[in-house]
Amino acid sequence: MKIVIKNGRVVDPQNGVDETLDILISNGKILSVDKKISVSKEVEVFDATGMIVAPGFIDLHCHLREPGYERKETIESGLLAALYGGFTAVCPMANTNPVNDNAGITNFILETAKKVSKIKVYPVGALSKGQKGEELANYAEMKEAGIWAVSDDGNPVMNSALLRRSLEYAGSLGLTVIDHPEDKNLSEGGSMNEGEVSTRLGLKGIPAEAELIHIRRDTALSNLTNESIHIAHISSKYSVESIRVAKKRKIKATADVTPHHFSLKDELVETFDTNYKMNPPLRTEEDIEKLIEGLNDGTIDCIATDHAPHAYEDKMVEFDRAANGIIGFQTAVPLAIEKLVLKDKISLKRMVDAFSSSPARIIGLKDKGHLSAGASADLTIFSLRKETFLKKEDIKSLSKNSPFLNKKIKGAVMAVVIDGNLFRLREK
Amino acid sequence: MIKKEVNRKEILDTSGIQRSLSRLTLEIFERQQGKKDFALIGIQKRGVPLAKRIANKLKEVENLDIEVGALDINLYRDDFSTVGTAPVLRGTNVPFPVEEKTIILVDDVLFTGRTIRAALDAIVDLGRPKKVELAVFVDRGHRELPIQADYVGLSLNTRREDHVELYLTETDGKDSLILESIK
Amino acid sequence: MSLGKHLLGIKDLTKEDITLILDTAEKMSEISFRPIKKVPALRGKLVVNLFFEPSTRTRSSFEIAEKRLSAESLNFSSGTSSVLKGETLLDTVLNIERMNPDAYIMRHSSPGSCKLITEYVKGSVINAGDGASEHPTQALLDALTIRQKKGSFEKLKVLICGDIAHSRVVRSNIHLLKKMGADVTLCGPATMIPPYIEKMGVKVETNFEKALSQKDVVMMLRIQLERQEKILFPSLKEYFLTYGLTEKRLKLADKNCIVMHPGPINRGVEMASEVADSKESVILDQVENGVSIRMAVLFLLLQGGENEDSN
């Protein structure tokens, strides 16, 4: 089965390509990328005129909730949302129930995913058993089952000795350690950014320093062990600066930012809408500016969704008791287009890189994140001109916790190709 | 909204109001002849200056010292709607016991009788007067309750939808009785 | 007049709204001294006192106000309710809503919780304290007391001292006093002063003696013995030593200064007994004004109707 994607503006940062080209796909691989490829009648044609054709987008950080929290999301509903959001691969975090700290759970996730979706799943295993922060989980058996990284994510590692051992042990197995940087003593009881707004509202704040302190520690331990660390969803200007310094010193640290952290500011919490409650919390205008600057200059390597589905009852409660996080798959690409590319804050090429080549490099996927002949036929096709307007019924996730419902966002995902399978997601 | 044409007519001017009020005062004096155990309580807001004027005249003409109180019936009304602006409380101030006295309630315009109904409730909460009478400056008819005035300054024939307004110097800057009728 | 359907915080009120509430309360106060302390203004109205945190004085003050206005009261407190059985706030409210109340008086530990329920109820919501966010009727009764003693708020020098970070009283008072033109200084241990509080238009002075200088009003906040994190200050003895209001310290303030406290006071912690019982202390006037303010708020919110007399 052959497919040709015709007349699209092909943006392939890794190969330095940005021009109108056709892409011929066969047997799940890219056969050729060229001007005006002529094809026979039996080849399926996708006319991408006016659209951007990019290497398949990879989400480094999401929560699919299965097993254990199927009322929030299942692997099937989560992957469908990811597909509609333009993602061809995703990395689910380990905070399921039971926690993904052994090969049994990893296998379950991968087998279930294979049954319900074409999307590639690269699971992240638990850093410690039960994500309790006490002893190392069984990395080797999970690695064999298919994990590429370990993380305790939302249960930040408070024990620095444990993190050090994790870096050493994971490193020896070729696994990356992902840390959610947060000093839990400093952030305890907080439900928003500590600042003018939290003081005015009387909500307990989380200072940006709670994140900074752990980033400094994480990069110091990465330096000590000479192993890679990936720092998840950074939120403040101090974090950007700290990672910039670490990278200058050749420390093997990478980082990501979520679309909501570069789109929304803490003042929105004044509405007490729990869809503005996340961890790390939304910060200030200035932080947003510095995050975007960091994303532009490569201090922040990629954009990850931190897709965090929560059921209605988890969010329809008092602000300080509400669950953290929002769903993010279906809004990530349009938000990056509207807030970054169309405002000329970062180039289209950098945006594509942050969604595809960078995460592929961090995971270590040689045949993804670029459009060379022979690479996996994973493509994300989107429009800078079309708009995304999501009503509740358009959300593919089981949970609808998004502050972007019923709001117009510029940019839209049009189609994806995964392993040579074309999914047309939207009428032209 | 269709703009309705309103016919605005001054029924009494300053001197007319003074004359009517003098007559009303005289009537009160005559009826209370020989007794000093009565007091005037004006209903907020325009009943209060009227009560004060009556008391002043009683002092001036008959050398009678009659106590005057003010009654705010906003806390006793039954005709608030649930929308619109909040009522302004002007306060109740009755600085004397009402027991064993004849209380003469004073109000500007007697119309449906609902204000007086509320005023009667309010008075009873303050104590048990020997007797309660009612003095109004204008009786314009159209009662919705079995209430009648004991003293009336002026009886006016009106239609239900007309609007009668007594303006007083103390509250409005000048004295004038106006009848507004919609054509 | 912009006074809306709910009273969630002083933040939403204008200077005119505040003046209207104070004026109305002033007129209401007479009722509490009648032989029959009751008017029929809210006859047939159902008011639910929904207290998710223990409160004696605010709840009784509201209850008395409701009774003086002839409203029906329903008391619902977390200790005796289904909250203990795990019911969510919204489910609790939706259940009560079917009893058709005209108003909810709510006390809750979470900021914004009163706002949350406004979207699910037909009646008015009056915030009786939501976490460290606001406690509007307390600020209003404080304001009524200050106005009675000082005449006006213009240029008045007010000092608020204590646990600023965890106090809803202070936030409502800052909003109110700033709107009315007063000059507000905050004082307390630096551990209890939240960052960026100056952005609310107030001064901060952690030296209590310096802070007292020339003040017309000194408002001492309650130190919450029951919820005090050990980390904020070492001991109550040390707190009194540094921030306790003594007769000697009070002399540093203006000679006509008044001393206020939202209650209940901890004698020997926030202030010495002599100060609490001194002629400068208006603490009991605050309690008395609390009833009038709550009557005024209930009346204005529940009885918003045409004012012009129908004769």
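**View 1. The largest nonpolar core of this predicted model has 279 residues.** A nonpolar core is a set of buried Ala, Val, Leu, Ile, Met, Phe, Trp, Tyr and Cys residues joined through C-beta atoms within 7 Å; buried means 20 or more other C-beta atoms within 10 Å of a residue's own, with C-beta atoms placed from the backbone. I23(A), V150(A) and L298(C) have the most contacts inside this core. Helix α11 (residues 283–302) of chain C chips in the largest share, eleven residues. Domain 1 (3–52 + 376–424) and domain 2 (57–363) of chain A both give residues to the core, so it lies between them. Those bounds come from an automatic or database domain assignment.

Residues are numbered from 1 along each chain as its sequence is written, and chains are lettered from A, ligands numbered from 1, in the order written. Because the model is predicted, local features need pLDDT of at least 70 and side-chain atom pairs count only at pLDDT 80 or more, while totals for chains, interfaces and linings use all residues.

**View 2. Meet the company of I23(A).** Skipping neighbours within four places in sequence, I23(A) is in contact (C-beta atoms, placed from the backbone, within 7 Å) with V4(A), I5(A), V10(A), I30(A), V33(A), V53(A) and L371(A).

**View 3. Here is an open, parallel sheet in chain C.** Its four strands (DSSP E runs of at least two residues) come in the order β2-β1-β3-β4, where pairing takes at least two DSSP bridges. β2 (72–77) and β4 (124–130) of chain C each have a single partner strand, so one side of each has no neighbour in the sheet.

Technical notes:
A residue is buried if 20 or more other C-beta atoms lie within 10 Å of its own, exposed if 12 or fewer, and partly exposed in between; C-beta atoms are placed from the backbone. Two residues are in contact if their C-beta atoms, placed from the backbone, lie within 7 Å.
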